[in-house]
Amino acid sequence: MSGAAEQETRDDVPARPSAAVGRLAGHPGPDPGSSPSPKPAHDHRPTAPAPRRGRSAAPASGPAVWPGSPEPLGARPRRGPGGVWGTNFALWAGGAEAVELCLFDEDGQETRCPLTEFSHEVWHGFVPGVLPGRRYGYRVHGRWDPWTGARWNPAKLLLDPYARAVDGDFALPAEVYGHVRDWPQQHVADTVRDDRDSAPYVPKGVVVGDDAAGGAPGEWADDRRPGTPWAESVIYELHVRGFTMRHPEVPPELRGSYAGLAHPAAVEHLTRLGVTAVELLPVHQFAHEDHLLRRGLRNYWGYNSIGYFAPHAGYASGGTRGQQVGEFRRMVRALHRAGIEVILDVVYNHTAEAGELGPTLSLRGIDNRGYYRLQQDPRRYADFTGCGNTLHVLQPQVLRLITDSLRYWVTEMGVDGFRFDLASALARAAHGVDMLSPFLSVIAQDPVLRRVKLIAEPWDVGSGGYQVGAFPPLWAEWNDRYRDAVRDFWRGALPDARDLGYRLSGSSDLYDRSGRRPDASVNFITAHDGFTLRDLVSYERKHNEANGEGNRDGAPDNRAWNCGAEGETGDPDIRALRRRQLRNLLATLLLSTGVPMLVAGDELGRTQGGNNNAYCQDNETGWLDWSLLEDPGWRALTELTARLIRLRRDHPVLRRTAFFSGLARPPEGLRDLAWFTPRGTEMTESDWYAPTTALGAYLWGRDLPQSDSRGAPLTDDSFLALLHAGPRPLSFTLPGAPWAQGYELLLDTSREDQGAPPGTRLAAGAPIELPERSVLLLRALSATDLRQKTE
C-alpha cells in the first residue's frame, strides 16, 4: 500500500474540498498583485522524485548507505559490518513516503542519501565514514494536504528530533516556512506550499559520540550525585546565561555559558547561600520567535524548544560541533562536587513550530499528524499551551521521544530531576486532564525516571487545566496558592487566616489526601515569570514597554504593594520599608514547611524595573547585577538568606517529612503545631475566620516523625514564629507553660541586622511589643535550658 493510500485509510478526517484551482504549491513567494481562489489547490505531487518505501539505489553522487538498524533513534556513531566506522541514522516518520538524509561538509555543501530501509515506521541506514562532528538534517517526502493535516514538504531541511547537538541558529526568514508565509490572504496562507530550499537558513544536527564529555568515559563515571532528600532541598531557579553575564569574577569569555556557571566564583555563591539544587531555565535547544526577531529582540527564557536532546548551543563557550555536550556535563560535575543537584526546566508540551502559520523546522515536516494534537478540523492545532501547538503525548512515538529524552539527560548528562512546564498538557488524555494518563503512568513505572526529582507546573491554558494538588505520588508541584496567600498577607489583602495557616504548614489540604508529604509543595513567592522580589515591593503595575507589545503582555494581577511609591524612589522611609518587606518575605518562605524555591538574584535585591514578563530581555534587565553586593543593605539581605537556609538545615522541625497532626500529646498535652492569637491563647475556629494581621505558630521539636540515616528518632528544639503584617506595633503575649518556660530571640526582621543581642531572653506568658511588619523567630526554652544558661 502506498504511503498516501495508507494515510487515507487510517485517518478519520473530513473530506477535502473537491475543486482544484491551480498549482500554488510551487509559488516562489508572495505576489501582492495576485489573488488566490478561496480554496487553494492541494498538490500531492512531490517536488522531487519520491521513492516508495523499501529498497532503492542511492544516487551515484552520494556515499553508500548500508541497511543499518532502526534502533536506537537518532545519529549514533559505531562500528558497522567489517569493523568499518560510520554512523547509524534512524528517524521515525510513520506517514512519510520517503526520507532523505542530508549530510553537510565544511563548506556547507549538501549530499543527499535516501534512507531505503523502513522498519516499524522507522527509516534507517548506516553511512560508512560519517564520524562525530558531521552535520546533517533530513528531507521528508509525502503529501501536501493541510486540509487533512498532511504538511510534508521536502524543500525544508528538518532537524532530527534526536540530535544530540545543534550547530547554528534559526533566523526564520520566509524560506523556513513550509507554506508561503507572506501570502496576501493570510487566512489561507498555511495551505499554499513554499518550495524554496530552507537548508541555507536553518541549523543542522551534529553527530555526537558517546564520549563527548571532554575526557575518557571513566572520568565521567566517577561523578557522584548529591542525592539530597526532598525534605532537605532548597531550590534556586536560575538562568544559565543571565547568572554569569555580569559576574566580575567569571572570565569574560566564559560569561553566559555552561562553563561560566561551573566557574568557582559562580559555584561559591551557591554554596555560600546553602542552596541544594539549581533549577535551570530551559537548556534544550530552542528557537527565537519571528515576531521577536523582527523587533530586534530574542527569546531569553528559552520556553520554545526544538531539540530535546541537545544542550542549547547559545550557552556553549567552547564550540557547537558537539563541544556543548561535554561542556554541559562538566558543569553538572562541578555542581555535584559542590553538593548541588541540577534540575532542568523542560518544555515537552509544545515546540517552536507554533500553529499552522509557524515555521517548519522539525516535527511538522516529519509527520505533522503523528506528533501534534490537531483539532476536529485537522488543518488547525489543539492549543493547550498558549504557544500555538501541543505535542500529542497519547501517540506512542511522541511518548517515546519524551521519555527517551528524559532518560538521556539523567543517565548520560547527569541531571537529577525535572520541572515540567505546563505539566497538565502532558497529562491530558482524550477527554481532558487524567492522572492515569499514559505520560504519568509511564513515568511512574520507569526504573530511571521514577527515582529522580519530578516537579509539575500543575496547570495549562486549556479547560480543566488547573490541577494544583492533583498530581500523583512521586510528584512535587509548584504551589501558586502558597505564593498568592503569602503575597496577600504581607500586602494586607488576606481576608482571614485560614489559607495562610495551610500554606505555612505544608498545604495538607492539597497534598495529604493523596498520600503525599509536605515536600510535595514547592513553595515560592516569585519565579522567573513575574516580578522579582524587589519589584514585588516596589511596583503595583507591570512596566513591560521594552517588550514591544504595548504593555499588553504579562499578568495584570501581581498581588503587589509598592510601599507608597511606584518604582524607585529616594524616600528613605519607603526604601527602609521595602527592605523590611523583603526580609519578611524571605523569612516566611524559608521558615515554612515544604520545599522552598528562591529565584536567582532575589537575595541580591535584583530588579527588572517593573517588567513582569522579561522573556525577551536578554540584556541587563534579565541578567543578575552582581554590583548590588557592594551595597551594605543588599549584602545584608544575602547574608540573611544564607542564615535562614542554615536554620532549615540545622533544624529538622523546619523541614518535616510528615504533616503536622495538631493533636495534643501526653503528658504535657502539647500539639506538634499550635496557632496563637496576639492574646497568647490558642486560635479557635472563629479566630481562623476573623480578619487578622498577626498570628503565631508554635512548632514542637520533640518526637519528630522522622529519623536519622541509622533509624534513630530525631529530636529538635521547639520554635515560636510570630508574623505581623500590620502597620503599627502590636502587643503579643508569648505562650507560657507548658509550651515554654522562656524564649530566646533568634530573628527580628524589623532590625537591619535581623537579630538581637546574643542571649536575649523573653519571659514566657508575658506580653512583648511586636514591631510593625515583622517576623520574629524565638526558640522555646525549658527549665533545663534556663538553668544551663544561668550556670
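**View 1. The start of helix α12, where Asn479 reaches toward the backbone.** In this predicted model, a side-chain oxygen of Asn479 comes to within 3.1 Å of the backbone nitrogen of Arg481, right at the start of α12. The helix itself covers residues 480-490. Look just past its other end and you'll find Gly492, which takes a positive phi of about 75°.

**View 2. Helix α12, tucked into its surroundings.** How many of the eleven residues of α12 are buried? Nine are, so the helix is largely enclosed by the rest of the structure. Among the buried ones are Tyr482, Ala485, Val486, Phe489 and Trp490. Charged-looking names turn up in that list too, including Asp480, Asp484, Arg487 and Asp488. As for what α12 lies across, that would be the strands β27 (694-699), β28 (719-724) and β33 (774-781). Against β28, the helix runs at about 65°.

**View 3. The open sheet of six strands.** Follow the strands across and you get the order β26-β27-β28-β33-β30-β31, with antiparallel pairing. Which strands stand at the edges? They are β26 (673-676) and β31 (761-763); each has a single partner strand, so one side of each is left without a neighbour in the sheet. From one strand to the next, the twist averages 30°. Zoom in on the β31 edge, and you'll see β30 (residues 742-748) pairing with β31 over three bridges, in the antiparallel sense. One residue pair to look for here is Glu744 with its bridge partner in β31, Arg761.

**View 4. Strand β13 and its parallel partners.** Here β13 (residues 277-280) pairs with β12 (residues 235-238) in the parallel sense, over four bridges. It also pairs with β16 (residues 341-346), again parallel and over four bridges. To find your way around, start from Glu237, whose bridge partner in β13 is Glu279. Then pick out Ala277, whose bridge partner in β16 is Glu341. Which way do the residues of β13 point? Ala277 and Glu279 go one way, Val278 and Leu280 go the other, and all of them are buried.

**View 5. Helices α9 and α11, crossing.** The axes of α9 (residues 396-411) and α11 (residues 438-445) come within 11 Å and cross at roughly 35°. The crossing is right-handed. On the α9 side, the residues that meet the other helix are Leu399, Ile402, Thr403 and Leu406. Pro438, Phe439, Val442 and Ile443 do the meeting from α11. Sorted by class, this contact has seven nonpolar residues, one polar and no charged ones. A handy rule for reading a view like this: an α-helix has 3.6 residues a turn, so residues three or four places apart point the same way.

**View 6. Two loop residues, His312 and Leu254.** His312 sits in the loop between β15 (305-311) and α7 (323-337). Is His312 buried or exposed? With a relative accessible area of 4%, His312 is buried. Leaving aside residues up to four places away in sequence, His312 touches Tyr258, Val283, His284, Gln285 and Phe286. Leu254, meanwhile, belongs to the loop between α3 (240-244) and α4 (258-262). Leaving out residues up to four places away in sequence, the ones Leu254 touches are Thr244, Ala259, Gly260, His263 and Ser317. Arg241 is another landmark: 13 residues from Leu254 in sequence, and 9.8 Å away in space, C-alpha to C-alpha.

Notes. Residues numbered from 1 in each chain as written. Predicted model: local features only at pLDDT ≥ 70, side-chain atom pairs only at ≥ 80, totals over all residues. Heavy atoms only, no water. Axes fitted to C-alpha atoms, helices over the stretch in contact; angles between N-to-C directions. Left-handed = near helix turned anticlockwise from the far one by under 90°. Contact = heavy atoms within 4.5 Å. Nonpolar A, V, L, I, M, F, W, Y, C, P; charged D, E, K, R; others polar. Pairing = 2+ DSSP bridges. Buried < 20%, exposed > 50% of the residue type's maximum accessible area, 1.4 Å probe, protein only. Polar contact = N/O pair within 3.5 Å; in protein donor to acceptor, adjacent residues only side chain to side chain.
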